[in-house]
Amino acid sequence: VHGFYKFVSNYVGENTLVQANFAAYTGYDSGPSGLNLLSNPNFTAQGWDSSPTNVGRGHVDGFDVSGVLPIGVLVPQLRGLGVSANYAYSQSSLAFPDTAQSITLPGLSKNVFQAVAWFERGGFNSRISYNFRSAYLGDYFLYSAQLTSNETKSQSFLDAQIGYDFKSGPLNGLSIYIQGHNLTNAKTISYVNNDPQQVNIRSQYGAQYLAGATIKF
């Protein structure tokens, strides 16, 4: 069990207004009709623009608990069986000088839980893992290559693996395995305006299965 606290002093703000000299942008040198706007007294090259700046300040704090239980040590009849689990709680807040609102740290869920059960005996091995994370603020790239932050729904994933290690005979040193990832067909769904019904981005890739073998000489 341990706790943590981190102070954030210069987080990047996405849309901070700054004074700008548009003469530095070649796209402002001429208009559609070829007029030189920079030399025209009716126009000015000075103005306001939005730009990423390191002005965000805030903190991240929380704690996590983890443990491992080798069941086979406690119950000899279940030798080779064990479980492990981890739970983490964190909260965060980031504020920017040009807005009265604050946000949570993107990519950080308040609750994260992971559990793994395994069995290893006589060359046979298997494990299954479950991962859960609560809703969080996610960073996404739009089609315009701009970065946006959207609320993202909670997610859970289930993975499993089974294998066998040959320890004698002509196949000594050979290990074979089969893996399954995202067996629950989890998806990533983000939404806008604090309304889970206003889905903005939906990603779903389905389950993935792998089979392989390794050999030791």
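Here are three short exercises on a predicted model, each with a worked solution.

**Exercise 1.** Work out where Gln155 sits and whether Gln155 is buried or exposed.

*Solution.* Start with the secondary structure: Gln155 belongs to strand β9, which covers residues 155-165. Next, check the accessibility. The relative accessible area of Gln155 is 6%, and the cut-off for buried is under 20%. So Gln155 goes down as buried.

**Exercise 2.** Find which side chains make polar contacts with the side chain of Gln155, then list the residues around Gln155.

*Solution.* Take the polar contacts one at a time. The side chain of Thr188 pairs up with that of Gln155 at 2.6 Å. Tyr136 also joins in through its side chain, this time at 3.5 Å. Now widen the search to general contacts, skipping neighbours within four places in sequence: you get Asn131, Phe132, Arg133, Tyr136, Lys187 and Thr188. Both polar partners, Tyr136 and Thr188, turn up in that list.

**Exercise 3.** Look at the loop between β10 and β11, and sort out the backbone and accessibility of Asn182 and Asn185.

*Solution.* First, place the loop: β10 spans 174-181 and β11 spans 187-191, with Asn182 in between. Asn185 is in the loop between these strands too.

Second, check phi. Asn182 isn't a glycine, yet its phi is positive, at about 55°. Asn185, not a glycine either, has a positive phi of about 55°.

Third, turn to accessibility. Asn182 comes out at 11%, so Asn182 counts as buried. Asn185 has a relative accessible area of 32%, so Asn185 is partly exposed.

Methods:
Residues numbered from 1 in each chain as written. Predicted model: local features only at pLDDT ≥ 70, side-chain atom pairs only at ≥ 80, totals over all residues. Heavy atoms only, no water. Helix = DSSP H or I, 4+ residues; strand = E, 2+ residues; numbered from the N terminus. Buried < 20%, exposed > 50% of the residue type's maximum accessible area, 1.4 Å probe, protein only. Polar contact = N/O pair within 3.5 Å; in protein donor to acceptor, adjacent residues only side chain to side chain. Contact = heavy atoms within 4.5 Å.
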